Amino acid sequence: MKPSLFDPRWPKDKWDPQFAHLHAPAYAAARRLLDATFQTMVDVDGNFGRDFATTGFSPRLFELAMFAYLDEFGLVPPAGRRDHHPDFIIGGGRDVAVEVTTSNPTHGSPAVGSKVPADLADLMPSDAMEARRRLVFQFGKVVRAKLQWSNGVGQRYWELPHTRDLPFVVAYGAFHDSAALWLSGNAIAEYLYGQTDRVDYVDGKLILTPEPLIEHHCGDKNPIPSGLFRQPEAQRLAGVLFSNEHTAPKFLRIGLERGYGDDRVLAMRVGFEYDLDPNASTPKGFTYRVGERPATDLETFAEGLHLFINPWCESSLSPELFPELMVHQLLPDGRFLTTYPPGTTLHPVASRTAVIQITD
């Protein structure tokens, strides 16, 4: 058995603030679920625990969350991870190569979660449009870096002996600032496909008209071209997985629902969800106490995951390879098609979780 992720050998003065916060009594359910998940995942380089506790908390937690999703639906081969690159190979005759990446604070900037508890201003972007532009630039930077990566002999992710000719997918989590976790994948979609939708109402009916996007701007940075999926550098990028939900509070909520905590922890989840009314153009709010969802509709690691499929990729990707998540595709006529997973009632856009430890 591997050591616990919360092994006390990591010096406290090196702890990431979010890692330190997980030691609070109220987060016992999250700690138990994180450890149980880690015991199942192969630690290829042996550095996972150290990184998780110190300099790589958010990237390692997101990697663990992606594994939890794959493992939840039996997508990880029995042999587990055998190679350093890419992070995961989905096996069982449904082979897909998946590389996990995150955008992180620039050197010298406060780490996400460095204020515990966080100020409201840290959780909600003060300038939503600027935050969206920053998300696009951060996403573009890290994903293009993955597309340009090669090993010592010049092989790309899709050219390695164990990945040759497999569809290549990048899983992305935005952790460059706390407000990024409040942003949906809409800006990501616009950048990937190079278009947006103009919203009009005609006789009370919603009309979406596709409009092309040429480039994206952010502050004084040089603009970047829109439509990454269309670019030659992305001709082997079959799809992108995106989530703003796969964080420590998700492990806490699922852990509590599975009975890993105790009755003295009160967790309330508040956020926005997709409105499935065909005439709705904005999300609607939701709130519930963790533990009150029906047994047939408990939270999963698929909830909050989005798959964007590249229609121009050389290696086609079937959405059925990734069960029970939201799938976004561009149709030949330029319209977006979003497919919601069956059997679930909550499709979150973004959410926050408030946690209270009740004392005697």
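**Exercise 1. Work out whether cysteine 218 is buried or exposed in this predicted model.**

Start with the number: cysteine 218 has a relative accessibility of 3%. The cut-off for buried is under 20% relative accessible area. So cysteine 218 counts as buried.

Now try cysteine 313. Its relative accessible area comes out at 12%, and under 20% means buried, so cysteine 313 is buried too.

Last step: how many disulfides does the structure hold? Zero. A disulfide would need a pair of cysteine sulfur atoms within 2.5 Å.

**Exercise 2. Describe the surroundings of glutamine 138.**

First, place it: glutamine 138 sits in helix H6, which covers residues 128-148. Next, check the accessibility: at 13% relative accessible area, glutamine 138 is buried. Then look for its partners. Skipping the neighbours within four places in sequence, you'll find glutamine 138 in contact with Ser103, Asn104, Tyr172 and His176.

**Exercise 3. Lay out the open sheet of three strands, and say which strands are at its edges.**

Begin with the order, which reads E10-E9-E14, with antiparallel pairing. Strand E10 (284-289) and strand E14 (348-357) each pair on one side only, making them the edge strands. On average, neighbouring strands here are turned by 15° against each other, direction ignored.

Zoom in on one pair: strand E9 (residues 265-273) joins E10 over six bridges in the antiparallel sense. As for a bridge you can look up yourself, phenylalanine 272 has glycine 285 in E10 as its partner.

Finally, add the helix: H8 (residues 248-257) lies across E9, E10 and E14, and runs at about 70° to E14.

Key: Residues are numbered from 1 along each chain as its sequence is written. This is a predicted model: local features need pLDDT of at least 70, side-chain atom pairs count only at pLDDT 80 or more; totals for chains, interfaces and linings use all residues. Side-chain values use heavy atoms; hydrogens and water are left out. Buried means under 20% relative accessible area, exposed over 50%, partly exposed in between (1.4 Å probe, protein chains only). Helices (H or I, at least four residues) and strands (E, at least two) are DSSP runs, numbered from the N terminus. Contact means heavy atoms within 4.5 Å. Two strands pair if DSSP finds at least two bridges between them. Axes are lines fitted to C-alpha atoms, for helices over the stretch in contact, and angles run from 0 to 180 degrees between N-to-C directions.
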